[in-house]
Amino acid sequence: MKVTSAEFVTSAAGPEGYPKERLAEVAFMGKSNVGKSSLLNSLLNKKLARTSNTPGRTQLINYFRVNRAILFVDLPGYGYAKVPMAIKKQWGAMVENYLANRKELVLSILILDSRHAPTANDLQLKSWLEHSGLPFIVVSTKADRLSNNQLRNSLRTTSESLGMGLDSILPYSSITGRGADRIWKAITDRTEQFRPD
Ligand SMILES: Nc1nc2c(ncn2[C@@H]2O[C@H](COP(=O)(O)OP(=O)(O)OP(=O)(O)O)[C@@H](O)[C@H]2O)c(=O)[nH]1
Ligand SMILES: [Mg+2]
């Protein structure tokens, strides 16, 4: 898809902070530091979401408007060990609440680091998405860090661990942009069907 405009809309901690406009929403989710914000930025070809070497950088739900038609939603990451328990709980509640109740959500993008096997949290989130009937895709990012052979092995392990076909794990690199076409196709397929009620 050709991106003609992309801008930051707002940060929200809960439903009262979500944007009032009714656009199709695509949510980026996954473990802390896997590259959620980088994926979002690289799809838009613009540094909108803050990225960092420090895990836990994204702490609120950040909204970005794309082509005045879609909202990209950058969710805080889970599984960062050094975050105090109280904050972990607050994050979990914030993300769960969004996923369970947001009617505008048409596609979830579950992001994994291709260098690591999926974690228990990743598997849990994937099962939860499935049981909730929320359409989702799985993106295995940082593919530039692996050789072709390593990437093939990683995709195979990931697909076995998630119990999904090899074809449904989309390899990606935010550095090279390789793999963007399939992700954009999934996004446009889902967002084009959106009709606010
Ligand atoms: N080599 C490589 N590095 C990447 C890629 N994607 C992200 N990174 C790096 O990984 C680190 C984390 O990226 P972020 O996009 O901030 O990760 P995040 O998932 O948004 O992290 P939190 O918001 O803290 O949960 C940064 O140093 C990025 O530059 C990629 O495709 N390839
Ligand atoms: Mg982030």
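Let me start with a definition: a residue is buried if 20 or more other C-beta atoms lie within 10 Å of its own, exposed if 12 or fewer, and partly exposed in between. Hold on to that, as we will use it in a moment. Hello everyone, and please keep in mind that this is a predicted model.

Here is a residue to try the definition on. Leu44 is found in helix α1, which covers residues 36-44. Is Leu44 buried, exposed or partly exposed? Leu44 has 18 C-beta neighbours inside 10 Å, so it counts as partly exposed. Leaving aside residues up to four places away in sequence, Leu44 touches Val3, Ala6 and Val66. Val9 is 35 residues from Leu44 in sequence, and their C-alpha atoms are 15 Å apart in space.

Now let's step back to the sheet. Seven strands make an open sheet with mixed pairing, and the order is β1-β3-β4-β2-β5-β6-β7. β1, residues 6-12, and β7 are at the edges with a single partner strand each, so each has one side without a neighbour in the sheet. From one strand to the next, the twist averages 25°.

Let's walk in from the β1 edge. β1 and β3 pair in the antiparallel sense over six bridges, and Thr10 has Tyr63 in β3 as its bridge partner. Next, β3 and β4 run antiparallel and are joined by five bridges; one pair to look for is Arg65 with Leu71 in β4. These two strands form a hairpin with three residues between them, and in the turn Asn67 has a positive phi of about 50°. As for surroundings, five of the six residues of β3 are buried, so this strand is largely enclosed by the rest of the structure.

My favourite strand is β5, residues 105-113. How many of the nine residues of β5 are buried? Nine of the nine are, so β5 is largely enclosed by the rest of the structure. On one side, strand β2, residues 24-30, pairs with β5 in the parallel sense over six bridges. Along that pairing, Glu25 has Leu105 as its bridge partner, and Gly30 has Ile111. β5 also pairs with strand β6, residues 136-141, again in the parallel sense over six bridges, with Asp113 standing opposite Thr141. Between β5 and β6 the chain passes through helix α3, residues 120-132, in a right-handed β-α-β crossover.

That brings us to the inside. In soluble globular proteins, nonpolar side chains tend to be buried together. Here the largest nonpolar core has 40 residues, and Val26, Phe28, Phe72, Val73, Ile109 and Ile111 touch the most other members. Which strand gives the largest share of this core? That is β5, with seven residues. Ile111 is worth clicking on: beyond residues up to four places away in sequence, its contacts include Phe28, Leu39 and Val139.

Finally, two helices on the sheet. α1 lies across β1, β2, β3, β4, β5 and β6, and runs at about 140° to β2. α4 packs on the sheet too, touching β5, β6 and β7, and its direction makes about 155° with that of β7. Helix α4 spans residues 148-162 and reaches 21 Å from its first C-alpha to its last, close to the 21 Å expected. Right after α4 comes Gly163, with a positive phi near 70°.

Thanks for listening!

How values were computed
Residues are numbered from 1 along each chain as its sequence is written. Chains are lettered from A and ligands numbered from 1 in the order in which they are written. This is a predicted model: local features need pLDDT of at least 70, side-chain atom pairs count only at pLDDT 80 or more; totals for chains, interfaces and linings use all residues. Helices (H or I, at least four residues) and strands (E, at least two) are DSSP runs, numbered from the N terminus. Two strands pair if DSSP finds at least two bridges between them. A crossover is right-handed if, with the strands pointing away from the viewer, the path from the first strand over the helix to the second runs clockwise. The expected span of a helix is 1.5 Å times one less than its number of residues. Two residues are in contact if their C-beta atoms, placed from the backbone, lie within 7 Å. A nonpolar core is a set of buried Ala, Val, Leu, Ile, Met, Phe, Trp, Tyr and Cys residues joined through C-beta atoms within 7 Å. Axes are lines fitted to C-alpha atoms, for helices over the stretch in contact, and angles run from 0 to 180 degrees between N-to-C directions.
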